[in-house]
Amino acid sequence: MPKILAYILCFQFIVYCNMSNAQVDSTHTHGCNLSLSGIVTDGESGKALPGVIISIEGIEKKIITEKNGHFHTKGICGRVYKVRCTHAGYKPIEVSLTVQHHTVWNFVMHADTCEQESVIIKTPLRREIILQPKNIIAGDALLRSRGLSLGETVAQLPGVSVLQTGPTIFKPVVQGLYGQRVLLLNNGIRQESQQWGAEHAPETDPFLYSKITVIKGASSVRYGSDAIGGVILTDPKPMRDSVGMSGEASLATFSNNGMAAASAMIDYSPINTLTLRLQGSLRKAGNSATPHYVLDNTGLHEKNYSCALSWFPKKNKVEIFHSKFHTKVGIFSGSHIGNLSDLQRAIASDTPFVRSGFTYNIDRPYQLITHELSKISWQRNIKRAGALRIILARQYNDRREYDSHSYLSNSNDAELQLRISTYTGQLSFDHFLYKNFRGSIGIQAIQQANAYRGRFFIPNFKSLAAGIFATEQWQHNHLLLEAGIRYDYKWLQAFYYENNYLQHPQFTFQNISGMAGVAYELTDQLKVSVTTGSGFRTPHVSELFSNGVHHGAAAYEIGNKNLKPENALHTALAAQLYTKKLSSEVTLYHNHIDHYIYLSPRFPATLTIRGAFPTFEYTQVNASFTGADLWLQDSIAKRWVYSAKASVLRAYNHTDDAHLILTPPARHEHSVTFLMPETKKIKHPYLQISITHVLKKYNLPDSSDYAPAPDAYYLLNATAAMQWPVSKHNINIHFTVNNILNRAYRDYLDRFRYYMHAPGRNFIIRLNVFFNS
Amino acid sequence: MPMHIYRSLIMLVLMIVIWSCKKDKLDVEHPDNNNEQETMTSLQITLTNVSNNTDVSTFKFSDPDGMGGNPPVQSDTIKLKANQIYNGTIKILDESKNPPVDITPEIEREADGHQFFYTVSDSFMLTVGYAPDDKDRYGVPLGLKPIFEAKNAGVTSLKITLKHQGKNKPRSGDGNISIGATDIEVSFPVRIIQ
């Protein structure tokens, strides 16, 4: 049972085939005496795959690949066939083949991405050995998150939480680190916007993705500087590569804030080697509501689109991608305060002073953000040597922040406008398996220009950075070793006025990072790995040059031009157990960061005409983040599955012997799933009920915060899901209720917890359909 | 497969890409000079003794370089005579400019979204109220014309708060200091002599 369920619950029937080469035999024959043969290999390891089932439309006999991955069949006619290959643990491949000769066709299969998030127990599959701890959201788990932001989507993973600014702005937190320290690779390109701000959410459209991977821990070698907390990789669905049309459509509605979200994606291939994709999504939400009151001005209007073109001439693969993200986000009006007295008044009151009813209108204060990404990539396979890849990309981010009032001007301009343009280039070479070795080398370059208008927050700057890296893996039987090294250089020049004089200081930073790891398969079911990686992050201009009142935070923040780069050393010990009944992953980690940059209080407070402001200065300390992430799934009885997730973290400032603030409190989550029997009309139905317990944050240094950490809370959520087949297409239906008990609570990582409670009960309906013709 | 399909698809995508790319010529090397922007730096209060028109005094809080930077340069003590009533007028200035700019008319214009509040730590010595004509369109006080009633001799303090409340400013009553964002919050020491 589990095996079948595992298979079907991996909803992602993506037709994905990666042709390595197609050759045509010169013997020209007609009639039904042609042959079809080839080799099936694993896309990750390059090894031949035995036991793959190849079914050819119109031919009853199933073909199974031999020990060397080879297959051969005769009696094929000269016409177009649909050929499908399936293998447990791999994504099925379907391809339309025009057979006119004796045809040799090789298939490359890719491991299925439906890892732990499918709600059932999987049989121990042949999995790629993972070195660095990582988690993937795909398949049903992603369908269940449609309509949510990226931050909310990844927060369901163990060890990942979210830093919130009210009910609309979410920043992912990976093992206690966030902002610039967590790199986002959006469709392979490092997202460059104004990530330094806690109220700046990543500007991406999650509807575009079919897979989101979170890599935990410092990973600068592979992904570049700044990745000292982790990396989030978002991947769109692979482009189809056979003639035809396919697509996906999603709809979601949320009761709490009246949100409607819709998305559609269409792939069209006029020929096997060319595909065009168009995708778009809309999200519109009104004011959120807590159990006792409505939150004024917390709506959201978002419009996104993307288009892509892929072309696979012979041994090449060319992709052009363009996307535009546009959002208008309301900021809770009760949070726009002027000084500390306002903040203290807000904290002292249990409910906000500003009351509101439901509306979709967004008033001041709000943010208006546009993010554009254009990318072109070219990959060429070089015979027996490897694959050469070039990626060029341009990003442009325009962020406008409209304050609650522009008391000294009557214009409707934004009080703050930040524009940043980024050009990135990457050249890499992955060599094929050679004597158990696999690896890649590459260079990366990034050029940036940032300009502001309006109230000063961060100065204008230009920067140029380059890195060179090499990684190598060695695998033999059950042992895998990995090592890598990287060198980075960064130049930065800032432009700003000080006492009416233009300043333009320059900075240069350079660093060498490294990583090493070992993984061992003790048995088929148990794998252990130890990895260590270093990372570095150069101080951001906001940390070097801030000088002013941080909006809504009632704090005066002062930058420090003498900051050094942060250096992190992340060590993780991970164990993965996959048996028929029980699956589990446990990760223990320790991330030591030298020169960790944070805001430390400075006395006395800054006296201004707006009152006295507590003052903070960017300071460097030695800090460490030590914790454990656990995930477990157990089929407790026939049709019943129990699963659990837990994360604990101790974030410590060794220089001052104190705990660090604004790090996630311990949390654990338990769920029970009932896999209901199927009927003719209803496929794969299940019911799931889950309880989340977030503990109170303890050990915070005295007077480190304006208000004490909120109490622990429980949340009860439930989901019912099924597939409904309608004329060959499956409609996926999810019905979810979050916060069933309508609890009033405040979350420690919500920066607006001073002003308001978290939203209350939320009924969510999601519809999703994949189609293929 | 006909080449024109290839070409037209590629052209279509390229056109969308080019068409939707904003011109991003950023003038990085010439940033805004924020010192040229208007900012409130000073609050000046003029008190006229109701029973003696020649008894006029002016008190001031001034931080000419604006938020942060150097500490405020002037922070007067308000000196009043006991058992006297004073008519006050408030002036808000931007003294970072030369000559200083008077911002008070802008606040007057936005009376429906602003209010001054006067908080005295000891009402046994001093109370501050609003003049009857010192109101916005809805009859809620604006507070540019406070009336000071000095009672008993002693030392106390007065906190003057200007709240920007925008559309959330109450439409009736005497106002609510809890709403909105603080634009000004200045404390003056007060000395009342016999």
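In the predicted model described here, B:Thr119 stands opposite B:Lys159 of strand S10 in chain B. These two residues belong to a longer pairing, in which S7(B) and S10(B), the latter covering residues 154-164, run antiparallel over seven bridges. Two strands are taken as paired if DSSP finds at least two bridges between them. Helices (H or I, at least four residues) and strands (E, at least two) are DSSP runs, numbered from the N terminus.

A short note on conventions will help in following the names: residues are numbered from 1 along each chain as its sequence is written, while chains are lettered from A and ligands numbered from 1 in the order in which they are written. This is a predicted model, in which local features need pLDDT of at least 70 and side-chain atom pairs count only at pLDDT 80 or more, whereas totals for chains, interfaces and linings use all residues.

The pairing of S7(B) with S10(B) leads on to an open sheet of four strands in chain B, arranged in the order S4-S11-S10-S7 with mixed pairing. The edges are held by S4(B) (78-81) and S7(B) (114-120); each has a single partner strand, so one side of each is left without a neighbour in the sheet. On average, neighbouring strands of this sheet are turned by 30° against each other, direction ignored. For this angle, axes are lines fitted to C-alpha atoms, for helices over the stretch in contact, and angles run from 0 to 180 degrees between N-to-C directions. As general background, strands of a sheet pair through backbone hydrogen bonds, either parallel or antiparallel.

Taken as a whole, chain B holds two helices and eleven strands. Along the sequence, these elements follow the pattern α-β-β-β-β-β-β-α-β-β-β-β-β. Of the 194 residues in chain B, 31% are buried. Here a residue is called buried if 20 or more other C-beta atoms lie within 10 Å of its own, exposed if 12 or fewer, and partly exposed in between, with C-beta atoms placed from the backbone. Among contacts in chain B with a separation of 6 or more, 67% link residues 24 or more positions apart. A contact requires the C-beta atoms of two residues, placed from the backbone, to lie within 7 Å.

Strand S5 of chain B offers another route into the fold. S5(B) (residues 84-94) runs antiparallel to S1(B) (residues 42-49), and eight bridges join the two. Within S5(B), B:Ile92 is the bridge partner of B:Leu43. S5(B) is also joined by four bridges to S9(B) (residues 146-150), again in the antiparallel sense, and B:Gln84 stands opposite B:Ala150 in S9(B). With S6(B) (residues 101-102), S5(B) forms an antiparallel pair over two bridges; there, B:Asp102 of S6(B) is the bridge partner of B:Leu93. A hairpin joins S5(B) to S6(B) through six residues. The loop between S5 and S6 of chain B contains B:Pro99, and the peptide bond from B:Asn98 to B:Pro99 is cis, with omega near 0°.

Where the two chains meet, the contact takes 44 residues from chain B and 52 residues from chain A. On the side of chain B that touches chain A, helix H1 (3-20) and strand S11 (181-193) each supply at least two residues. H1(B) gives the largest share of this side, with eight residues. By class, this side of chain B has 23 nonpolar, eleven polar and ten charged residues. In this grouping, Ala, Val, Leu, Ile, Met, Phe, Trp, Tyr, Cys and Pro count as nonpolar, Asp, Glu, Lys and Arg as charged, and the others, Gly among them, as polar.

Turning to chain A, the chain is divided into domain 1 (2-109) and domain 2 (232-238 + 246-772), with bounds that come from an automatic or database domain assignment. The C-alpha centres of the two domains of chain A lie 39 Å apart.

Some backbone details of chain A also deserve a look. Most residues other than glycine have a negative phi, and most peptide bonds are trans. A cis peptide bond joins A:Arg364 and A:Pro365, with omega about -5°, and A:Pro365 lies in the loop between helix H5 (340-348) and strand S23 (366-382) of chain A. A:His595, although not a glycine, has a positive phi of about 60° and lies in strand S35 (residues 582-608) of chain A. A:His595 is partly exposed, with 19 other C-beta atoms within 10 Å. A:Leu662 is likewise not a glycine and has a positive phi of about 55°; A:Leu662 lies in the loop between strand S38 (658-659) and strand S39 (667-675) of chain A.
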